[in-house]
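Work through the exercises below with the structure open beside you, and try each task before you read its solution.

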2 protein chains.
Amino acid sequence: MAKTSSDTILLHSEDNVRMALRAFEAGDTVDGLTVSQAVSRGHKIATREIAQGDAIRKYNQVIGFASVPIAAGDHVHTQNCAYRADFERDPEPCAGAQPTDFVPASERAQFMGYKRPDGRVGTRNYIGILTTVNCSATVARMAAAHFTPERLAAFPNVDGVAAFTHGTGCGMAMDGEGFGMLQRTLAGYAAHPNFAGVLVIGLGCEVMQISLMMETYGLKEGERFQRMTIQETGGTRKTVEEAVRRIEAMLPAADACRREAVSAEHLSVALQCGGSDGYSGITANPALGNAADQLVRHGGTAILAETPEIFGAEHLLTRRAETPEIAEKLLERIRWWEDYTARNKGVMDNNPSPGNKAGGLTTILEKSLGAAAKGGTTNLTGVYEYSERVTTPGFVFMDSPGYDPASITGQVASGANLVCFTTGRGSVFGYKPAPSMKLATNSEMFARMSDDMDINCGVIVSDGVSVEEMGEQIFQEMLDVASGKRTKSEDLGFGDNEFIPWQVGAVM
Amino acid sequence: MAKTSSDTILLHSEDNVRMALRAFEAGDTVDGLTVSQAVSRGHKIATREIAQGDAIRKYNQVIGFASVPIAAGDHVHTQNCAYRADFERDPEPCAGAQPTDFVPASERAQFMGYKRPDGRVGTRNYIGILTTVNCSATVARMAAAHFTPERLAAFPNVDGVAAFTHGTGCGMAMDGEGFGMLQRTLAGYAAHPNFAGVLVIGLGCEVMQISLMMETYGLKEGERFQRMTIQETGGTRKTVEEAVRRIEAMLPAADACRREAVSAEHLSVALQCGGSDGYSGITANPALGNAADQLVRHGGTAILAETPEIFGAEHLLTRRAETPEIAEKLLERIRWWEDYTARNKGVMDNNPSPGNKAGGLTTILEKSLGAAAKGGTTNLTGVYEYSERVTTPGFVFMDSPGYDPASITGQVASGANLVCFTTGRGSVFGYKPAPSMKLATNSEMFARMSDDMDINCGVIVSDGVSVEEMGEQIFQEMLDVASGKRTKSEDLGFGDNEFIPWQVGAVM
Ligand SMILES: [Ca+2]
Ligand SMILES: [Ca+2]
Ligand SMILES: [Ca+2]
Ligand SMILES: [Ca+2]
Ligand SMILES: [Ca+2]
C-alpha cells in the first residue's frame with residue numbers, strides 16, 4: 001500500500017480515488033482535497049478531475065468508467081461511475097505462474113485431526129443425517145433432535161448429530177445440471193471426513209433417488225454409511241425410531257475416533273466473503289490471502305469460489321494458472337455464467353447487494369478485485385465445478401454463486417474441512433460439519449458484533465497492524481480451529497440451517 | 001365410472017386400457033384378457049390391439065400415443081406409450097361455464113374461526129417469525145425454540161411460535177420475477193389470518209430488504225407486525241434476546257383471540273397432490289373435487305395449483321372459465337411455463353417422477369387429467385400468479401410448480417387457511433400456519449402409513465364407497481379441522497421445515 005493517512009487511504013499511486021476511512025460532509029478538507037458532497041466511510045473520493053468516459057482506478061486496476069464528468073473531491077459511486085465489460089482484459093494464461101516456495105515436508109505445520117479410512121482427515125467428528133428431498137426434512141430433524149447434549153454425554157468425542165435439510169430434491173428434471181449438482185453435493189457430504197458416520201433419509205418417490213447417487217459415486221452401505229426411505233419404513237414415527245436406532249449403533253465407533261497429529265497438507269480451507277464493504281478488499285481479504293499463501297506453502301489446499309465475485313478479475317487468476325487447461329476451464333465457467341444469467345434474465349453486474357453498495361462498493365469489478373485478494377498469490381492448481389471433489393493441493397477455484405450458504409455448501413461438499421469467512425457488514429454465519437472462522441473487515445463492526453466475530457482484521461486500518469502479521473495470526477488460528485478450538489459460531493450453535501445446495505434449473 | 005371388477009377397472013367405455021387393481025403375472029387372465037407381461041398394481045393393460053401412432057385413451061381422454069404396435073393384454077407404459085404435445089386441444093373459453101348452485105347465505109355451513117382486524121378469518125392462531133434471507137434463519141429458529149410448550153402453557157389459545165426459514169433472499173437479482181415472487185410470498189405470510197402476530201427478522205445487507213416489502217405491500221409496523229435486523233441489533237445473541245422480548249409482548253393479545261362461528265365463505269382451501277399413483281385420479285382426487293364443489297356452493301374458495309400437472313389438461317379448465325380474460329390468463333401462464341422450462345433446458349413432460357412412473361402414471365397428460373380432478377366441476381372464477389392474494393371466491397387457479405412444498409407455500413401465501421393433500425405413494429407432510437389434511441388414494445398405503453394419513457379415499461376402490469359419500473366426509477372434515485381439530489401432521493409436529501418459496505432466476 002502506497003500512502004495512508006488516518007482519514008483516507010490511497011491504495012496505489014496511480015489511483016484516481018481515495019477511500020474514506022471516516023464520514024465526510026460537504027466542504028470538509030482532507031489530504032489536499034475539498035470534499036464536494038457527504039461521503040460515507042468506505043466510499044471513494046476523486047483525487048483529481050476525471051473526464052466522462054475515463055477509467056476510475058483503484059488497486060491500480062480499472063473498476064469502472066466516469067459516466068459524467070467528475071471533479072476532484074467528488075463522491076465517486078453509482079451516480080457517476082458505471083461498469084463496462086468491453087475493455088481489454090487479456091487472460092494471458094500462465095503468464096504470472098511462479099514456482100511455489102514450499103516448506104519442506106518435515107518442517108510443515110501440523111494440526112490434530114481425525115484420520116479416516118479413506119486417508120482424508122477430519123477437523124470435527126459429527127454424525128450426519130442427509131436428506132434427498134425436502135419431504136424427509138422434518139423426519140431428519142426429529143431424529144437429530146433426539147440426540148440432545150444429555151444423550152450424547154456418554155460420547156464425548158462426538159461433536160453432535162446434525163441434520164442437513166434443504167428445499168429441493170424433487171419437482172426437478174431427472175438429469176441435467178441441476179440434478180447433477182444436487183447429487184454431487186449430497187455425495188460430497190456423504191463422504192466428508194468431518195463425519196464419523198452418515199445416514200441418508202429419503203421419502204421414497206422423489207426424483208433424487210439414493211440408489212442412483214450411491215451407484216454414481218461408488219458409495220457402499222456399511223457401518224459408516226446407511227440409508228432408508230420413509231415410504232419403505234412405514235411413515236414418520238417408524239422412520240424416526242429406526243433412524244435413532246441406527247445412529248445409536250454408530251455412536252460407539254464414532255466416539256472411539258481420536259485426534260492425532262497430521263500435516264497441514266490435510267487442511268482444506270474454503271475462502272469466503274459475505275456482506276462485503278469498502279474495507280473487505282484492504283483488510284480481511286488480503287490478510288486471508290496471506291494466510292492462504294502460507295497454507296499452500298505448507299502443502300494444504302485453499303479453495304476460492306464465488307464466480308460472480310471474481311467476474312471481471314478472472315484475468316488475474318488465469319495469469320496464475322499452472323497450465324493453459326486450468327486457465328481455459330476457468331474461462332469456460334465464466335462463459336457458462338454469462339449464459340446462465342442471460343437466460344435467467346439477469347446480468348452479472350447485478351451482484352453488489354444493497355448492503356455492498358451502501359458499504360461503498362460501486363461495481364462488480366471493484367468487488368471482484370477485493371474478493372480475489374482472499375486467494376493470495378500462489379499458482380492456480382485447479383478449477384472445479386460446484387461441489388466437485390478437490391484433488392489438487394494448492395490454491396484452487398471452485399465454481400459457485402457468491403451467495404454465502406450456497407457457495408460454502410459447495411466448498412464443503414468439495415472437501416473443505418474449515419471455512420474462513422470475511423465480512424464487513426457483519427454476516428452471522430456458521431457451518432456444519434466444517435467449522436467457520438469469521439474475520440471482521442473493520443474494527444467498528446467487530447466491536448458491535450463481537451459475539452459473532454472470531455478475528456478483527458480491521459486493526460490493519462485502525463491500529464496499523466501489517467497484512468503479513470494479520471495473515472500469520474489467521475494461519476495459526478486455522479491450525480487451532482482445525483485441531484478443535486471452537487469458533488464463535490459453534491459456541492452460538494449455528495450450522496443447522498445453512499446447508500443450501502445451489503439450485504439450478506426449473507422447479508417443476 | 002363405467003364398469004369395475006375386483007381386479008381391474010375400466011374408467012370409461014371408450015377407453016382402450018384398464019387399470020390393474022392388483023399385480024398380474026404373464027399369462028394371467030382377467031376380464032377376458034390374457035396379460036402378456038407382469039403388470040404392477042395401478043398400471044394399465046391394453047383392452048384391444050392399438051396400432052403404432054394411435055391414441056391411448058383413459059378417462060375418455062387421450063393420455064398418449066402408441067410408440068410401437070400394442071396387443072390386447074400388453075402392459076401399457078413408458079416403453080410403448082409416448083406423449084405428443086401437438087394434438088388438438090381447443091381451449092374454447094367459457095364453453096362449459098354454468099351457473100353455480102349456491103347454498104343460500106343463511107343456510108351455509110359454518111366453522112369456528114379467528115376473526116382478524118382486516119375481516120379475514122384464521123383457522124389457527126400462531127405467532128410467526130419470518131425471515132428475509134437464509135442469513136437470519138438460525139436466529140429465527142433460536143427465538144422460536146425459546147417458546148417451548150412449557151413457556152407457552154400460560155397462553156393456551158396460541159398454537160405456537162413458528163419460524164419460517166428458507167434458502168434464498170440474497171445472491172439474486174434485485175428486481176424481476178424471482179425477487180417479486182419471494183417478496184410476494186413473504187408479504188402474503190406477513191398478512192396471513194392464521195397469525196395473531198408476526199415478527200420479520202433480516203440480516204441487514206441482503207437483497208430482500210424488509211422496508212421495500214413493507215412499502216410495496218402496505219405493511220405497517222404495530223403490535224401485530226414488527227421487524228428487526230441482526231446487523232442493526234448487534235449480532236446473534238442480542239437479536240435473539242430482542243426477538244424473544246418482542247414476541248413475549250405479543251403473546252397476551254394473541255392469547256386473547258377466541259374462535260367464533262363464521263360462514264364457510266371464510267374457508268380457503270389449498271388443493272394439492274404429491275406422490276401420486278394410478279389411484280390418485282380415481283379415488284382421492286375426484287373425492288376432493290366433490291368436496292371442493294360443496295365448499296364453493298357454500299361460498300368458500302378452492303385453490304387449485306401445480307401448473308405443470310394440469311399441463312395438457314388446461315383446455316378442461318379454460319372451458320370452465322367465467323370470463324374469456326380468466327381463460328386467457330391461464331393460457332398466458334402455460335406459455336410462460338413453456339418458456340421457463342425451455343430456457344432452463346427442461347421440458348414439461350419431465351414431470352412424472354420415478355415414483356409417479358413406478359405407480360403407473362405414464363405421461364404428464366395422464367397425471368394432469370387425474371390431478372385436475374381435485375378441482376371439481378364449478379366455474380373457474382380467477383387465475384392468480386404465485387403467492388398472489390386470492391380475492392375471488394369459488395374455484396380458482398394459482399400458478400405454481402407441482403413440487404409440493406413450493407406449491408403449498410404459494411397457496412398459503414395467497415391466503416389458503418387449510419390444505420387438502422392427496423397422496424398415493426405416501427407423502428408425509430404438514431404445514432404451518434395452515435393445517436394440512438392428508439388423503440390417501442389407496443387402502444394399502446393408508447394401512448401402512450396410518451400415523452400420517454387423515455382420511456382413506458382408497459375405500460372407493462377397496463370397499464365400494466361412492467365418490468360423493470367420500471366428498472361429503474372430506475367437506476365435513478374440512479370444517480372440523482378449520483374449527484381446530486388437529487390433523488395427523490400437527491400431532492406429529494410437522495410444519496417447521498416446509499416453507500419453500502418457489503425460486504426462479506439465477507442464484508448469483
Ligand atoms: Ca462475497
Ligand atoms: Ca456475496
Ligand atoms: Ca459469498
Ligand atoms: Ca402433484
Ligand atoms: Ca404437488
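A residue is called buried when its relative accessible area is under 20%, exposed when this area is over 50%, and partly exposed in between. Keep in mind throughout that the model is predicted.

**Exercise 1. Find the salt bridge between B:Glu490 and B:Arg124, and decide whether the two residues are buried or exposed.**

Solution. Begin with the distance: the side chains of B:Glu490 and B:Arg124 meet in a salt bridge of 2.7 Å, taken from N to O. Next, locate the partners, for B:Glu490 belongs to helix H17 (residues 488–492) of chain B, while B:Arg124 sits in the loop between strand E12 (121–122) and strand E13 (126–131) of that chain, so that the pair links distant parts, 366 residues apart. Finally, apply the definition given above, by which both B:Glu490 and B:Arg124 are buried.

**Exercise 2. Describe the salt bridge of A:Asp7 with A:Arg22, and say which parts of the chain the pair ties together.**

Solution. The closest N and O atoms of A:Asp7 and A:Arg22 are 3.2 Å apart, and the cut-off for a salt bridge is 4 Å. A:Asp7 is found in the loop between strand E1 (3–4) and strand E2 (8–10) of chain A, and A:Arg22 in the loop between strand E3 (17–20) and strand E4 (29–30), so the pair ties together parts that are 15 residues apart in sequence. As to accessibility, A:Asp7 is partly exposed with a relative accessible area of 22%, and A:Arg22 is partly exposed at 32%. Over all chains, the count comes to 58 salt bridges.

**Exercise 3. Work out how chain A is related to chain B, and name the residue of chain A that comes closest to the rotation axis.**

Solution. In general, two copies of a chain are related by a rotation about an axis and a shift along it. Here chain A can be laid on chain B by a turn of 180° and a shift of 0.0 Å along the axis, with an RMSD of 0.0 Å. The two copies are thus related as by a two-fold rotation axis. The same surface serves both copies, since 100% of the contact residues of chain A recur in chain B. Of the residues of chain A, A:Arg343 comes closest to the axis, its C-alpha being at 3.0 Å. A:Arg343 is also part of a network of salt bridges that links it with A:Glu177, A:Asp339 and B:Lys345.

**Exercise 4. List the protein donors of the calcium ion (ligand 5), and find the residue that coordinates both this ion and the calcium ion (ligand 4).**

Solution. The donors of ligand 5 are B:Gln272 (OE1), B:Cys273 (O), B:Glu306 (OE), B:Gly402 (O) and B:Asp404 (OD), which lie 2.1 to 2.4 Å from the ion. Along the sequence, these donor residues are spaced Q-C-x32-E-x95-G-x1-D. B:Cys273 lies in strand E18 (residues 268–273) of chain B and B:Gly402 in the loop between strand E21 (394–398) and helix H13 (404–413), so the pair ties together parts that are 129 residues apart in sequence. Turning to the calcium ion (ligand 4), its protein donors include B:Cys273 through both O and SG, B:Glu306 (OE) and B:Glu309 (OE), and the donors lie 2.3 to 3.0 Å from it. The residue sought is B:Cys273, which bridges the two calcium ions, themselves 3.0 Å apart. B:Cys273 counts as buried at 1% relative accessibility, as does B:Glu306 at 0%, and B:Glu309 is buried with a relative accessible area of 5%.

**Exercise 5. Determine which residues of helix H4 in chain B are buried, and what covers them.**

Solution. In helix H4 (residues 210–217) of chain B, the residues B:Ile210, B:Met213 and B:Met214 are buried. Seen down the axis of H4(B), the buried residues fall within an arc of 100°, so they line one face of the helix. What covers them includes helix H3 (177–190), strand E15 (195–202) and strand E16 (225–229) of chain B. Just after H4(B), B:Gly218 takes a positive phi of about 65°.

**Exercise 6. Characterise the aromatic pair of A:Tyr189 and A:Phe499.**

Solution. A pair of aromatic rings is described by the distance of the centres and the angle of the planes. For A:Tyr189 and A:Phe499, the centres are 4.7 Å apart and the planes stand at 70°, and the pair is edge-to-face. A:Tyr189 lies in helix H3 (residues 177–190) of chain A and A:Phe499 in the segment after helix H17 (488–492), so the pair ties together parts that are 310 residues apart in sequence. Both A:Tyr189 and A:Phe499 are buried.

How values were computed:
Residues are numbered from 1 along each chain as its sequence is written. Chains are lettered from A and ligands numbered from 1 in the order in which they are written. This is a predicted model: local features need pLDDT of at least 70, side-chain atom pairs count only at pLDDT 80 or more; totals for chains, interfaces and linings use all residues. Side-chain values use heavy atoms; hydrogens and water are left out. Copies are superposed by least squares on the C-alpha atoms of residues with pLDDT of at least 70 in both. Contact means heavy atoms within 4.5 Å. Buried means under 20% relative accessible area, exposed over 50%, partly exposed in between (1.4 Å probe, protein chains only). Helices (H or I, at least four residues) and strands (E, at least two) are DSSP runs, numbered from the N terminus. The arc is that of the directions from the helix axis to the C-beta atoms. Donors are N, O and S atoms within 2.8 Å of the metal (3.2 Å for Na, K and Ca); water is not among the atoms, so sites may look incomplete. Rings of Phe, Tyr and Trp (its six-membered ring) pair if their centres lie within 6.5 Å; planes under 30 degrees apart count as stacked, over 60 as edge-to-face and the rest as tilted.
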